[in-house]
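Biologist: I am new to this structure and would like a close look at a single part of it, the interior. Please take me through how that interior is put together, slowly and in connected steps.

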Amino acid sequence: MTSRRDVTLRGAAGTLSGDLWELARPLGTVILLHGGGQTRHPWRDTGARIAEHGWSAFAYDARGHGTSSWAADGNYSLPALVEDLMLVAGAMKPPFVLVGASLGGHTAILGQDANPGLAVGLALVDIVPQMEPKGVERVLAFMASHPRGFESLVEAETAIARFKGDGRGRTRTPRPGLRKNLRMGLDGRWHWHWDPRFLTHAYRPGTAQAAQVEDAARRLKVPVTLLAGERSDLVPASRVEAFGQLVPHADVQVVTAADHMITGDDGSLYLHPVVNFVNGLADRM
């Protein structure tokens, strides 16, 4: 079994922290990109499984997230994230497959559009260029709703449960992965493990940014799969249908019981579809 090791790479705004599952003679490298407000850790099971199938895998914290450097100038725009992606790719072994959840998916789309030879395939995890506005605003409101942080991990878990509608306000035992998405501040309280300035650049439907991603998606030529969460309120059936028209060659799958990956979630429900897509690309090479 391939072991995971911590890797630190140079990004355009500082260092990027990542998990690498490296093979001596890989079929290529699968680069795993997390969503806004997340860290690399939900990809750990997926990265390990990918490595079992002959690919190296690399999951990294985007700038301003997890243990990667915060941007001194507060630049968390998509072009800046694409610049970091290209530096990551330059340190890995091609060919590449890009797997992006939410914001990571938009980064993958724009990166591929700017560099058509970058990847041999894209897997988009519950993300399309034009997401449902109400769902987006609900997520952003939650991300901005605790500026003073949390007194405990239990309080943070309860807040997530209320947001997801599965806790009804009751205190829950924190999931093991939640700690990775929080940091202890100098005030003794738990804060999300990302730079609050990131929200300045957060996705908004109907903006020039969304239009740019849509145009880039329309130009995609490599194999693409969209893995839409059955319970997602950001990528409902109508948005899935629109994506199928935008990228006609894309394979679209609805992942049963999955929703949009929120802070503290794991990617287990998306693991098998991602691995199957990557294996399918190997058959074409």
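Modeller: What follows goes from the nonpolar cores to the packed helices, and then to some individual residues in the loops and strands.

Please keep in mind throughout that this is a predicted model. The natural place to begin is the largest nonpolar core, which has 66 residues, and within which Ile 31 and Leu 122 touch the most other members. Helix H2, spanning residues 78-90, gives the most to this core, with 6 residues. If you centre your view on Ile 31 and leave aside its neighbours within four places in sequence, you will find it in contact with Phe 58, Tyr 60, Leu 85, Val 88, Ala 89, Phe 96, Val 97, Leu 98 and Val 99. There is also a second, separate core of 26 residues, and among its members are Leu 32, Val 274, Val 275 and Leu 281.

From the cores we can turn to the way helices lie against one another. Two packed helices are described by the angle between their axes and the distance between the axes. In the pair formed by helix H1 (residues 44-52) and helix H8 (residues 268-284), the packing angle is about 30° and the axes are 9 Å apart. Angles under 35 degrees count as roughly parallel, so H1 is described as roughly parallel to H8. The crossing of these two helices, H1 and H8, is right-handed. On the H1 side the contact is made by Asp 45, Thr 46, Arg 49 and Ile 50, and on the H8 side by Leu 271, His 272, Val 274 and Val 275. Sorted by character, the residues in this contact of H1 with H8 comprise 4 nonpolar, 2 polar and 2 charged. Val 274 and Val 275 therefore appear twice in this account, since they take part in the contact with H1 and are also included in the second core.

Next come helix H3 (residues 103-114) and helix H6 (residues 208-218), which pack at an angle of about 55° with their axes 9 Å apart. H3 and H6 are therefore oblique to each other, and their crossing is left-handed. Here His 106, Ile 109, Leu 110 and Asp 113 from H3 meet Gln 212, Val 213, Ala 216 and Ala 217 from H6. The contact of H3 with H6 is made up of 5 nonpolar, 2 polar and 1 charged residues.

A further pair consists of H4 and helix H5 (residues 153-164), packed at an angle of about 165° with axes 11 Å apart. An angle over 145 degrees counts as roughly antiparallel, which means that H4 is placed in that class relative to H5. The crossing of H4 and H5 is right-handed. Arg 138, Val 139 and Phe 142 of H4 make this contact with Ala 159, Ile 160 and Phe 163 of H5, and the residues divide into 5 nonpolar, no polar and 1 charged.

Some individual residues complete the picture. Thr 39 sits in the loop between strand S3 (29-33) and H1, and its relative accessibility is 1%, under the 20% limit, so it counts as buried. Apart from neighbours within four places in sequence, Thr 39 has contacts with His 34, Asp 61, Gly 66, Lys 180, Asn 181 and His 193. His 191, which belongs to strand S8 (residues 190-192), is also buried, at 14% relative accessibility. With neighbours within four places in sequence again left aside, the contacts of His 191 are Pro 147, Arg 148, Gly 149, Asn 181, Leu 182, Arg 183 and Gly 185. Asn 181 is thus listed among the contacts of Thr 39 and among those of His 191.

The backbone deserves a look as well. Most residues other than glycine have a negative phi, and most peptide bonds are trans. Against that background, a cis peptide bond joins Pro 94 and Pro 95, with omega at about -5°, and Pro 95 lies in the loop between H2 and strand S5 (96-101). Ser 102, in the loop between S5 and H3, has a positive phi of about 50° although it is not a glycine, and it is buried at 14% relative accessibility. Asp 126 likewise has a positive phi of about 50° without being a glycine; its place is the loop between strand S6 (119-125) and helix H4 (133-143), and at 1% relative accessibility Asp 126 is buried.

Technical notes:
Residues numbered from 1 in each chain as written. Predicted model: local features only at pLDDT ≥ 70, side-chain atom pairs only at ≥ 80, totals over all residues. Heavy atoms only, no water. Core = buried A, V, L, I, M, F, W, Y, C linked by side-chain atoms within 4.5 Å. Buried < 20%, exposed > 50% of the residue type's maximum accessible area, 1.4 Å probe, protein only. Helix = DSSP H or I, 4+ residues; strand = E, 2+ residues; numbered from the N terminus. Contact = heavy atoms within 4.5 Å. Axes fitted to C-alpha atoms, helices over the stretch in contact; angles between N-to-C directions. Parallel < 35°, antiparallel > 145°, perpendicular 65-115°, else oblique. Left-handed = near helix turned anticlockwise from the far one by under 90°. Nonpolar A, V, L, I, M, F, W, Y, C, P; charged D, E, K, R; others polar.
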